[in-house]
Amino acid sequence: MKIVLIGPPGAGKGTQAEKLAVHWKIPRITTGDLFRQAVSEKTPLGLKVQGLLEKGSLVPDEIVLGLMEERMSKPDCKTGFILDGFPRTVGQAEGLEKWLGRVGLKLDSVVALEVSKEEAVGRITGRRQCASCGNTYHLHFQPPKQEGRCDVCGGSLVQRKDDEEKTVRHRLEVYDKETAPLLAFYQKKGLLKKVNGLQKPNAVFEEIKASSLIK
Ligand code: AP5
Ligand code: MG
Ligand code: ZN
């Protein structure tokens, strides 16, 4: 299965990507996580993108495409992958098409998670992430069993630097301008599946699984 998840910040891409990766036994590739890891390790890539991430602006297409082509070429992607947060511009989608064509692959499905702006802001400002394993929680919707501690590994839960309300609003504007045009791009290709992201996480999961099997 080769699937793309598209949606504004807070739509639940990461939450669903994690469930789908376990269900289909394929890797989840999250561009945001790859960049955040590079930032925390202070690699040359991390130093280049840190300011953009903190502002909530997009990393340039050439950098994203280079990174993703390398990642998608790894052996664990042989049986498929879930792309979470990529592509995010028409330029990236065209680059992905070219790469898929070169290696003889096709996307199975592009899932658009639909949520309102207010829901997105509420979800993101309450989000907490494990500093060790990256598992995601929400103060009200998905609280950890023990406050401030990850259920999976016991790591401490932190807030992402770009999750304060002002930056979230900017990320939503960037989504409308740069990423929303991808919906028409994939609709034309007959790949787009719209899913109501306002339901409970498990209901969203069931809808994605069902919609991805329909050709
Ligand atoms: P990225 O990390 O991808 O952030 P994003 O797109 O803004 O999305 P989020 O991770 O904030 O939200 P999500 O949809 O994953 O929601 P989640 O499941 O966590 O990108 C970060 C930055 O990296 C970008 O701003 C950019 O700078 C750069 N970047 C990344 N990719 C790039 C690219 N391709 N090109 C250029 N730059 C790029 O859920 C949110 C919260 O809601 C959680 O707390 C969760 O517990 C809760 N929740 C989830 N589902 C539900 C539900 N159904 N009901 C109730 N609560 C829920
Ligand atoms: Mg995410
Ligand atoms: Zn953890």
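Which residue in S8 does Ala 112 stand opposite? In this predicted model, the partner of Ala 112 is Lys 194 in S8. The report begins with the sheet to which this pair belongs and then turns to the zinc site, the aromatic contacts and the backbone.

**The sheet**

Five strands form an open sheet in the order S2-S3-S1-S4-S8, and their pairing is parallel. At its edges lie strand S2 (28-30) and strand S8 (192-196), each of which pairs on one side only. From one strand to the next, the twist averages 25°. Strands of a sheet pair through backbone hydrogen bonds, in either a parallel or an antiparallel sense.

Strand S4 (residues 109-114) pairs with strand S1 (residues 2-6) in the parallel sense over four bridges. S4 also pairs with S8, again in the parallel sense, over five bridges. Ala 112 appears in both pairings: Ile 6 stands opposite Ala 112 in S4, and Ala 112 in turn stands opposite Lys 194 in S8. Five of the six residues of S4 are buried, so this strand is largely enclosed by the rest of the structure.

**The zinc site**

The zinc ion (ligand 3) is coordinated through the SG atoms of Cys 130, Cys 133, Cys 150 and Cys 153, at 2.3 to 2.4 Å. The four donor atoms subtend angles of 98 to 116° around the zinc ion (ligand 3), and the arrangement is therefore tetrahedral. Along the sequence, the spacing of the donor residues is C-x2-C-x16-C-x2-C. Among the donor residues, Cys 150 is buried, with a relative accessible area of 4%. Cys 153, at 41% relative accessibility, counts as partly exposed.

**Aromatic and charged contacts**

The structure contains one aromatic pair. The ring centres of Phe 185 and Tyr 186 are 5.0 Å apart and the ring planes stand at 85°, so the pair is edge-to-face. Both Phe 185 and Tyr 186 are buried. Phe 185 has a further contact, as Lys 189 lies over the face of its ring. Another lysine, Lys 19, lies over the face of Phe 205. The distances of these lysines from the ring centres are set out below.

| Lysine | Ring | Distance from the ring centre |
|---|---|---|
| Lys 19 | Phe 205 | 5.8 Å |
| Lys 189 | Phe 185 | 5.1 Å |

**Backbone features**

Most residues other than glycine have a negative phi, and most peptide bonds are trans. Against this background, several positions deserve mention. Lys 25 is not a glycine, yet its phi is positive, at about 55°. Lys 25 is placed in the loop between helix H1 (13-24) and S2. With a relative accessibility of 69%, Lys 25 counts as exposed.

Lys 42 likewise has a positive phi of about 55° although it is not a glycine. The loop that holds Lys 42 runs between helix H2 (31-40) and helix H3 (44-55). Lys 42 is exposed, its relative accessible area being 64%.

The peptide bond from Phe 86 to Pro 87 is cis, with omega near -5°. Pro 87 is found in the loop between strand S3 (81-84) and helix H5 (90-103).

Terms used:
Residues numbered from 1 in each chain as written. Chains lettered and ligands numbered in written order. Predicted model: local features only at pLDDT ≥ 70, side-chain atom pairs only at ≥ 80, totals over all residues. Heavy atoms only, no water. Phe/Tyr/Trp six-rings, centres within 6.5 Å; stacked < 30°, edge-to-face > 60°. Buried < 20%, exposed > 50% of the residue type's maximum accessible area, 1.4 Å probe, protein only. Lys NZ or Arg CZ within 6 Å of the ring centre and 35° of its normal. Donors = N, O, S within 2.8 Å, 3.2 Å for Na, K, Ca; no water. Tetrahedral: all angles 85-135°; square planar, octahedral: opposite > 155°, others 65-115°. Pairing = 2+ DSSP bridges. Helix = DSSP H or I, 4+ residues; strand = E, 2+ residues; numbered from the N terminus. Axes fitted to C-alpha atoms, helices over the stretch in contact; angles between N-to-C directions.
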